[in-house]
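Trainee: I would like to understand how the descriptive words for a structure are chosen. Could we go through some of them together?

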Amino acid sequence: MDLGIKGKVALVLASSRGLGQAMAISLAREGVKVAVTGRNPEGLNTTVEMVKAVGGIALPIPWDLSELGAIDPNVSLVEQQLGPIDILINNTGGPPPTPAAGQDPKLWEKSFHDMILSIISITDRVLPGMRERHWGRIITSTTSGAIAPIRNLAISNTLRAGLSAWSKTLASEVANDGITANIIMPGRVATDRLRQLDEARSKRENMSYEAVVEASLKLIPAGRYGDPREYGDTAAFLASMNAAYITGSVIRVDGGQIPSI
């Protein structure tokens, strides 16, 4: 299937590894020029090489998303080097695992700044150009915890649920401009982050790592963890011409794990 986005430009946040990296590679396979960002230069270089391996073009940008002052110069760099941004993939790292009660307000404040305010501010920076060209895709990667809260991930559950409300509201504001805004939500996809969470649970609950994985698989109807490429390809479809009538939606890539309708 030709997704009709060859030659488009995408900015993929936090794409030096994990799901961000997978989304950048899937877009590159479709001929999208991708700007990849992250705090780890080595990880960024790895993503660039992986993009090149599928015949794509990548612009690496070292970028700490907590630095709001870096937004305009970094977006301007993408526009100068690759062209106007047509596709924005909002993605951030996760906060530390914590229970809901007793957290330092400064941790809540920092997490909001890094995970929410940064995404909203970057979107506001690229949105006028999308409106001008009457075409754009805004895809925000969150967590299944926004629908079915995950134990010991209270900050992530809470703040990313807010992103769902923001994206839904935004979708209604920009739909008539030819722009879609959607949430893509992972279940248990096999990334380094998921392994870290499983290892943390192993220590917290005095279980072996293998036992933690086995217990998790029992809750997934598909019976396995997801492949990052499956997640990336879902993002690529949402960015496509074929998905022009999908907006304000939450797309789950979870193997059937999330129990709610």
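Trainee: Why is F112 called partly exposed?

Mentor: F112 has a relative accessibility of 39%. Buried means under 20% relative accessible area, exposed over 50%, and partly exposed in between, with a 1.4 Å probe and protein chains only. The value of 39% lies in between, so F112 counts as partly exposed. F112 is in helix α4, and, setting aside neighbours within four places in sequence, F112 is in contact (heavy atoms within 4.5 Å) with L117 and L159.

Trainee: What kind of model is this, and how are residues numbered?

Mentor: It is a predicted model, where local features need pLDDT of at least 70, side-chain atom pairs count only at pLDDT 80 or more, and totals for chains, interfaces and linings use all residues. Residues are numbered from 1 along each chain as its sequence is written, and side-chain values use heavy atoms, with hydrogens and water left out.

Trainee: How do you know that N74 is buried?

Mentor: Its relative accessible area is 12%. That is under 20%, so N74 is buried. N74 is found in helix α3, residues 71-81; helices here are DSSP runs of H or I with at least four residues, strands are runs of E with at least two, and both are numbered from the N terminus. Apart from neighbours within four places in sequence, N74 is in contact with I61, P62 and W63. The buried residues of α3 include I71, V75 and V78 as well as N74, and the buried residues of this helix pack against β1, β2, β3 and α4.

Trainee: Why is α3 called oblique to α4?

Mentor: The two helices pack at an angle of about 45 degrees, with their axes 10 Å apart. Angles under 35 degrees count as roughly parallel, over 145 as roughly antiparallel, 65 to 115 as roughly perpendicular and the rest as oblique. About 45 degrees falls in the rest, which makes α3 oblique to α4. The axes are lines fitted to C-alpha atoms, for helices over the stretch in contact, and angles run from 0 to 180 degrees between N-to-C directions. Among the residues that meet are I71 and V75 in α3, with S118 and I122 in α4.

Trainee: What makes α1 roughly parallel to α2?

Mentor: Their axes cross at roughly 25 degrees and come within 9 Å. Roughly 25 degrees is under 35 degrees, so α1 is roughly parallel to α2. Q21, A24, I25 and A28 in α1 meet residues of α2 including T46 and M50.

Trainee: What makes K8 a charge over the ring of W135?

Mentor: A charge sits over a ring if NZ of Lys or CZ of Arg is within 6 Å of the ring centre and within 35 degrees of the ring normal. K8 lies over the face of W135, at 4.1 Å from the ring centre. R195 lies over the face of Y209, at 4.3 Å from the ring centre.

Trainee: And why is A14 called partly exposed?

Mentor: A14 has a relative accessible area of 21%. This value is in between 20% and 50%, so A14 is partly exposed. A14 lies in the loop between β1 and α1, and has a positive phi of about 50 degrees although A14 is not a glycine.

Trainee: Where else does a residue other than glycine have a positive phi?

Mentor: At N152, where phi is near 70 degrees. N152 is in the loop between β5 and α5.
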